[in-house]
Amino acid sequence: MKKLLLLFVSISLVACGGSKKAVKSDKYTIESLQNKNYEQILGMYSDANPKNGSEMMEEGTVERPYTILYPGTEDEILITWKNESKTSIFDISYSENGKWSSAKGIKIGTTYDELTRINGKEVKFYGFGWDYSGAVDWNGGKLEDSNIRVFLNPQGKVAGKFYGDRMIDATPEEIEALNLKVSTIMYRD
């Protein structure tokens, strides 16, 4: 009986250890920050060396308080708040190729083809050279209601027809030549 009890305890400890690892792997997803206030975030990321401030945002139309976690590193992530007391997040964004990703596996550098595969349907995108350059439209795919927004950046040569505040109509060959990769990821409720 003692051996059976010892075996059960051992299996339980291994199982609990496995679930802790699963939780830890989610620590650096952008969604792990949702519905958190400033104090909760500092508790989760005690090594984040936060930088706080306030700035005009949304094309200079509104002033918002912000917090930058891991400033000046490849893990830098920007949190803007709905209020000065930092109890409610407005949005979260990052554009460095650090440890952050979305829960669906989107990270900085994800290709257009990978993004389409994750979405389950071809994504569309807006033109380049303006404030929301390369913004992705999920086109009714799996990520349509995900609160995740991504922006693509061309790695290849960009012709004039791909610039501007409009949805881009491109052939598969043109998309391949643009060599599009995710350059910014944002979460917004």
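This report walks through a predicted model of a protein chain, from its overall layout to one helix, three buried residues and the largest pocket.

**Overall layout**

Let's start with the big picture. The protein chain has four helices and eight strands. Reading from the N terminus, the elements go α-α-β-β-β-β-α-β-β-β-α-β. The chain has 189 residues, and 35% of them count as buried. As for contacts with a separation of 6 or more, 49% come from residues 24 or more positions apart.

**Helix α3 and its two sides**

Helix α3 spans residues 112–119, and its buried residues are Tyr112, Leu115, Thr116, Ile118 and Asn119. Why do these residues end up on the same side of α3? The arc they cover around the axis is only 160°, and that puts them on one and the same side. The general background is handy here: an α-helix has 3.6 residues a turn, so residues three or four places apart point the same way. Flip to the other side of α3 and you'll find Asp113 and Arg117, both exposed.

What do the buried residues of α3 pack against? Their partners are the strands β5 (124–125), β6 (136–137), β7 (148–154) and β8 (180–188), plus helix α4 (172–178). Just after α3 comes Gly120, with a positive phi of about 80°.

**Three buried residues**

Next, a few single residues, with their accessibility side by side.

| Residue | Place | Relative accessible area |
|---|---|---|
| Thr29 | loop between α1 (2–25) and α2 (38–44) | 9% |
| Tyr66 | strand β2 (residues 62–69) | 10% |
| Thr110 | loop between β4 and α3 | 3% |

Thr29 is buried, at 9% relative accessible area, and buried means under 20%. A polar atom of the Thr29 side chain lies 3.0 Å from the backbone oxygen of Asp26. Leaving aside residues up to four places away in sequence, Thr29 touches Trp100, Ser101, Ser102 and Ala103.

Thr110 also sits in a loop, this one between β4 and α3. The side chain of Thr110 gets to the backbone oxygen of Lys107 at 2.8 Å. Again not counting residues up to four places away in sequence, Thr110 touches Gly105, Leu115, Leu180, Lys181 and Val182. One of these, Leu115, is among the buried residues of α3.

Tyr66, by contrast, belongs to a strand, β2. Tyr66 and Glu55 are eleven residues apart along the chain, and their C-alpha atoms are separated by 7.6 Å. Glu55 is also among the residues that Tyr66 touches, once residues up to four places away in sequence are set aside. The contact list of Tyr66 also includes Lys51, Asn52, Gly53, Ser54 and Met57, as well as Leu78, Ile79, Thr80, Trp81 and Lys86.

**The largest pocket**

Finally, the pocket. The largest pocket has a volume of about 540 Å³. It is lined by 24 residues, and those closest to its centre are Asp91, Ser93, Tyr132, Met186 and Arg188.

Which elements each supply at least two residues of the lining? They are β3 (77–81), β4 (89–94), β7 and β8. Of the elements, β4 gives the most to the lining, with four residues. Sorted by class, the lining of the largest pocket holds eleven nonpolar, four polar and nine charged residues.

Key
Residues are numbered from 1 along each chain as its sequence is written. This is a predicted model: local features need pLDDT of at least 70, side-chain atom pairs count only at pLDDT 80 or more; totals for chains, interfaces and linings use all residues. Side-chain values use heavy atoms; hydrogens and water are left out. Buried means under 20% relative accessible area, exposed over 50%, partly exposed in between (1.4 Å probe, protein chains only). The arc is that of the directions from the helix axis to the C-beta atoms. Contact means heavy atoms within 4.5 Å. A polar contact is a pair of N or O atoms within 3.5 Å; within protein, one must be able to donate a hydrogen and the other to accept it, and residues adjacent in sequence count only if both atoms are side-chain atoms. On a 1 Å grid over the protein atoms alone, a cavity is a set of points where a 1.4 Å probe fits but cannot get out, and a pocket is an open set with protein on both sides within 12 Å along at least five of seven lines; lining residues have an atom within 4 Å of a point. Grid points are joined across faces, edges and corners, and a volume is the space filled by probe spheres set on the points. Ala, Val, Leu, Ile, Met, Phe, Trp, Tyr, Cys and Pro count as nonpolar, Asp, Glu, Lys and Arg as charged, and the others, Gly among them, as polar.
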